[in-house]
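Here is a short set of exercises on helix packing, each with a worked solution. Take your time with the view, then work through them in order.

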Amino acid sequence: MTSDTSRKLFMLMQQVGYSKRFCQLISESLNTDFTAARMIGYLKQFDYKPPMEEVADEMLAILSDRDRIVEKKITEQSNENWNEFLRMQKGEPVD
């Protein structure tokens with residue numbers, strides 16, 4: 001399932017002139033509001049149609065950033081759980 005923003009990305013890419021299949025691949029890969037909005041911002045900065053290779057590279061960069069953010073959130077949660085465990089071991093109150 002894609003987000004509303006992914007559908008907007010698909011329509012924008014078609015308006016710019018990319019093939020339907022390329023638009024589908026990009027919008028299906030960037031299927032969250034966050035990632036699709038990043039690509040929309042990228043495409044809107046141009047007054048010409050960027051080459052497909054550049055758009056694909058940007059998609060990979062966006063996905064890489066998203067993966068780093070997800071990993072950071074997981075690490076932060078694990079750290080918080082560990083700190084809570086240590087507080088419990090010391091007999092300190094836990095929030």
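The expected span of a helix is 1.5 Å times one less than its number of residues. Keep in mind throughout that this is a predicted model.

**Exercise 1. Compare the reach of helix 4 with its expected span, and find what its buried residues pack against.**

Solution.
- Step 1: Helix 4 has 39 residues, and from its first C-alpha to its last it reaches 57 Å. That is close to the 57 Å expected at 1.5 Å a residue.
- Step 2: Look for residues under 20% relative accessible area, the cut-off for buried. In helix 4 these are Val55, Met59, Ile62 and Leu63.
- Step 3: The cover over these buried residues includes helix 1, helix 2 and helix 3.
- Step 4: Move to the end of the helix. Just after helix 4, Gly91 has a positive phi of about 80 degrees.

**Exercise 2. Describe helix 1 in the same way, and work out how its buried residues are placed around the axis.**

Solution.
- Step 1: Helix 1 runs over residues 4–16, which is 13 residues. Its reach from first to last C-alpha is 18 Å, close to the 18 Å expected.
- Step 2: Its buried residues are Thr5, Ser6, Leu9, Phe10, Leu12 and Met13. Because they cover an arc of only 170 degrees around the axis, they lie on the same side of helix 1.
- Step 3: Now turn to the other side of helix 1, where Asp4, Lys8 and Gln15 are exposed.
- Step 4: The buried residues pack against helix 2 (20–29), helix 3 (33–44) and helix 4 (52–90).
- Step 5: Just after helix 1 comes Gly17, with a positive phi of about 120 degrees.

**Exercise 3. Classify how helix 1 packs with helix 3, and then with helix 2.**

Solution.
- Step 1: The axes of helix 1 and helix 3 come within 8 Å and cross at roughly 25 degrees. Angles under 35 degrees count as roughly parallel, so helix 1 is roughly parallel to helix 3.
- Step 2: This crossing of helix 1 and helix 3 is left-handed. Residues making the contact include Thr5, Leu9 and Leu12 of helix 1, and Ala36, Ile40 and Leu43 of helix 3.
- Step 3: For helix 1 and helix 2, the axes are 9 Å apart and the angle is about 150 degrees. Angles over 145 degrees count as roughly antiparallel, and therefore these two helices, helix 1 and helix 2, are roughly antiparallel to each other.
- Step 4: The crossing of helix 1 and helix 2 is right-handed. Among the residues that meet are Phe10, Met13 and Gln14 in helix 1, and Phe22, Cys23 and Ile26 in helix 2.

**Exercise 4. Is Ser6 buried or exposed, and which residues is Ser6 in contact with beyond four places in sequence?**

Solution.
- Step 1: Locate Ser6 in helix 1. Its relative accessible area is 1%, so Ser6 is buried.
- Step 2: Leaving aside neighbours within four places in sequence, Ser6 is in contact with Ser27, Leu30, Asn31, Thr32 and Ala36.

**Exercise 5. Place Phe34, and state how far its C-alpha atom is from that of Thr5.**

Solution.
- Step 1: Phe34 lies in helix 3. With a relative accessible area of 41%, Phe34 is partly exposed.
- Step 2: Phe34 and Thr5 are 29 residues apart along the chain, while their C-alpha atoms are separated by 8.3 Å.

Key. Residues numbered from 1 in each chain as written. Predicted model: local features only at pLDDT ≥ 70, side-chain atom pairs only at ≥ 80, totals over all residues. Heavy atoms only, no water. Helix = DSSP H or I, 4+ residues; strand = E, 2+ residues; numbered from the N terminus. Buried < 20%, exposed > 50% of the residue type's maximum accessible area, 1.4 Å probe, protein only. Arc of directions from axis to C-beta. Contact = heavy atoms within 4.5 Å. Axes fitted to C-alpha atoms, helices over the stretch in contact; angles between N-to-C directions. Parallel < 35°, antiparallel > 145°, perpendicular 65-115°, else oblique. Left-handed = near helix turned anticlockwise from the far one by under 90°.
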